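Below is a short briefing on one protein chain. Look over the sequence and the structure, then read the points by topic.

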Amino acid sequence: MRKIVSCILIFALTMSAILSFSVSADSGINVTIDGETQAYDVMPVNISGRVLVPLRGIFEKLGAEIQWRDDIKTVYATKGAKKVVVTIDSTYARIDGQPVTMDVPATIIEGRTMVPVRFVSEAMGEDVAWDDATKTVIITHNKNAGLKRLISDFHRPVPTEFTKSNKLDDLIYYEADTSDPAKIYEEILKKATPVEMFNVADLEKGEFSTGGYATKEITADEEGNKIFKINVTKKSDDPAKCIYKCEKTIESMLHDGDVCMLKITLRTVDGGNDQGLGKICVQVENPERYTKDIFREFESAGQWKTYYYSYKPKMKTGGNGQVGLRVPYHVQNVEIKEFSLLNFGSQVTLEEMPGLTMDTSSLSEGAEWRKQALEDIEKHRKGDFNVVVLDKDGNPVKDAEVELDMFEHEFEFGSAFTTGLSDNEKYGQVASSVFNAGVSENAMKWSPYERGANVKAMKILGALDKYGIKYYRGHTLVWQIPVTGINARMVPEDAVEMANNKQTDALRTRINTFIDTMMTDFKGELTEWDVTNEVVNNKQLETNNGGASLRKEWFDVARKTEPGVDLFYNEGTLYIEKYDGNKAKQFFDILDEMKELNFDYDGIGLQSHHDMAEEDMEEIIKAFEKIATYGKEVKITEYSCSNPDPELQANFTRDFFIAAFSRPYISGIIMWGFYGGNYYAKYAPMYDKDWSLNKCGEIIIDLMYNKWWTRDAKATTDADGKATVRGFYGDYDVTVKANGQEKKVSVAFGKGYENTLYITLD
């Protein structure tokens, strides 16, 4: 899948002639580096017409640090930000995280790792030549060796037209209700005294419309306040299958012109959807006509959440009296500690009352946290790129015109894809214009993959190459949930049976074989793998079968199968202590456990489903910073904001992207879909079903391709032939004009690299 850049292809053709001599028992091959003859305990050899050179000796001389892992027979070489990974007896290697193929495998001769001489040029960027007369490999320092390796010169058709300038702080803001409902309610109580028509104690007497779905109980909190708890043990796609109907009615308390309000405080202590969100629907209806004053769904995570819902009753005395709760959305355990139906009569108007809103003042223009985040973006996501222009004799060229145009971002911005990427031309074209990274939504998960989804995964892989989307994540090797909330099987039944029966050895073999098979199928094609997924909520396989030690083995098997690919622990929605303290504690306990047990992994994936759009950005950044203390790469892997309020969806997404992009250790944002015609939830964050760009999509494109993109950056060389341009890290077309000549090259400017490009004019 991955493309070797044109300059290396040219070099490969050149070297094919160099390496075409016959086998010699004692070839007597020499090596010089910048004119200095090298002496190694194992010198280069000619095997089957290929010259192999000692990796350690040459790479260390070129300034790289070498680490050898005997358990996986792999060499890791690093020089600044550059990282090279070579595995013995394999033709696959990694340079700057990207897979490359050597013409012959690396091998060990007399205890030294030997690699094809051409690989020295590919890996370290140095010039390599062959002197046949003296049988000498001549390595000469290339001034451009300090640049990041260009993966591909594919130019995606990225957006170029915007309504705002490219200034970092010239952001799009949509008008939205930024009122705080709790404060509005407090002010209302200062001038009006409501009649309480119904409270949480009144929930105690009632019954479920259908048995077998849920049970109820009354408990108390630490202060002795009543808690109404619903334990749903069976899910239904039709929530009307199980409605909890209360005995107490309220029709006699309603009068013409009344203004009423529901105040409900709830939390989900267990279960819920894949992100731990529970849901109930509150209805207040006429039990004979079924007309409803309230018919609203309310979601909650592990922390108490309060909603305010104001309304005018449709029916007066004699109707709209029965209170009910629809509950079987998920297998879940939901607690309600406040449930008040309040009647304010005619003391207030409906317009004065709090609506179904939340405090979104932190999303408004001028927020202090955002000012700092924009400064951090300027500091961490941009660099100074130097272009030195020389004439054919090596003399600097003064007053040369230099222009830089970005055509790809170093930061990964992607989406989960279905086979629509390969089957639907419109889908593929739009994806190509917007994304440089992707992941299969479901085709790589264990049970689906074994049942034939492997064909879908391969189709997506082929489409990514076609559309120039160069980063492909693997998701996921082991997700311990047997069946999801929508009854999709993720773990094969035989593996579940092994886990339940504590057949640990058989389970270990079953899982490890799948990991090896899966990674072998995609070897050399992916940039990273999620080894485990959503461990906070799902430990069904490891429980009673070795616990974390079993999970650690999955990472070890993955590392051994393909040593150079990055391995991630991917977790559910971004757990923030303020909003879900229990889940946040579990998450960090797992990270601490992995550190203590010395798990071998590279990155932490944060799914980041924020469909309620309620979290404060300062709290989100605090969570990012705490996660960063574990010293791993961090990536947003499944961002979503399926919120029915388009302004809130857009404003929250804008600020989440800014918060994430401002953190230097976050390497990408992958969305969990982008198109309303093919999206797992109701409200897609970029394109509607008719492919129209929605408000959220407009903001995302303005950020990724206007604010965080460098176009038409120009400078003029000084007396030293040097011009400097500050831009976002990524891939660029560099054009130089001087003395009637013009030269254009494509190059990668990366974070942590020297980023000085030398261009010689003829």
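What radius of gyration would a compact globule with 762 residues have, and what does the protein chain have? A compact globule of that length would come near 27 Å, and the chain has 31 Å, which agrees. The model is a predicted one. Its secondary structure comes to 15 helices and 39 strands.

**The chain as a whole**

- The C-alpha trace spans about 105 × 65 × 45 Å along its principal axes.
- Of the 762 residues in the chain, 58% are buried.
- Take the contacts between residues at least 6 apart in sequence: 74% of them join residues at least 24 apart.
- The chain has an accessible surface of about 31200 Å², and carbon and sulfur atoms account for 46% of that surface.

**Nonpolar cores**

- The largest nonpolar core has 137 residues, and Phe657, Phe674 and Val734 are those with the most contacts inside it.
- Helix H14 gives this core its largest share, nine residues.
- Another core, of 37 residues, lies apart from the largest one; among its members are Tyr213, Phe228, Cys242 and Met612.
- Leaving out residues up to four places away in sequence, valine 734 touches residues including Val387, Val402, Leu404, Val745, Phe749 and Ile759. Charged residue names also appear among its contacts, including Glu403, Lys743 and Lys744.

**Helix H13**

- Helix H13 covers residues 617-628, which is twelve residues. At 1.5 Å a residue the helix should span 16 Å, and because its end C-alpha atoms are 16 Å apart, the expected span and the model agree.
- Aspartate 616 caps the N-terminal end of H13, with a side-chain oxygen 3.0 Å from the backbone nitrogen of glutamate 618.
- Which residues of H13 are buried? They are Met617, Glu619, Ile620, Ile621, Ala623, Phe624 and Ile627.
- An α-helix has 3.6 residues a turn, so residues three or four places apart point the same way.
- The cover over the buried residues of H13 includes three helices, H5 (368-380), H12 (581-596) and H14 (646-661). It also includes the strands E32 (603-606), E33 (633-639) and E34 (666-671).

**Two lysines**

- Lysine 82 is in strand E7, residues 82-87. Is lysine 82 buried or exposed? Its relative accessibility is 6%, so lysine 82 counts as buried.
- Beyond its neighbours within four places in sequence, lysine 82 is in contact with Ala77, Asp96, Ala123, Met124, Ala145, Leu147, Arg149 and Tyr753.
- Lysine 73 is in the loop between strand E5 (65-69) and strand E6 (74-79). Lysine 73 counts as partly exposed because its relative accessibility is 37%.

**Backbone exceptions**

- Most residues other than glycine have a negative phi, and most peptide bonds are trans.
- Lysine 73 is not a glycine, yet it has a positive phi of about 50 degrees.
- Aspartate 34 also has a positive phi of about 50 degrees without being a glycine. Aspartate 34 sits in the loop between strand E1 (30-33) and strand E2 (36-37).
- The peptide bond from histidine 475 to threonine 476 is cis, with omega near 0 degrees. Threonine 476 is in strand E29, residues 471-479.

How values were computed. Residues numbered from 1 in each chain as written. Predicted model: local features only at pLDDT ≥ 70, side-chain atom pairs only at ≥ 80, totals over all residues. Heavy atoms only, no water. Helix = DSSP H or I, 4+ residues; strand = E, 2+ residues; numbered from the N terminus. Expected span 1.5 Å × (residues − 1). Buried < 20%, exposed > 50% of the residue type's maximum accessible area, 1.4 Å probe, protein only. Contact = heavy atoms within 4.5 Å. Polar contact = N/O pair within 3.5 Å; in protein donor to acceptor, adjacent residues only side chain to side chain. Rg over C-alpha atoms; globule rule 2.2 N^0.38 Å. Areas by Shrake-Rupley, 256 points an atom, 1.4 Å probe, with all protein chains shown as cover. Core = buried A, V, L, I, M, F, W, Y, C linked by side-chain atoms within 4.5 Å.
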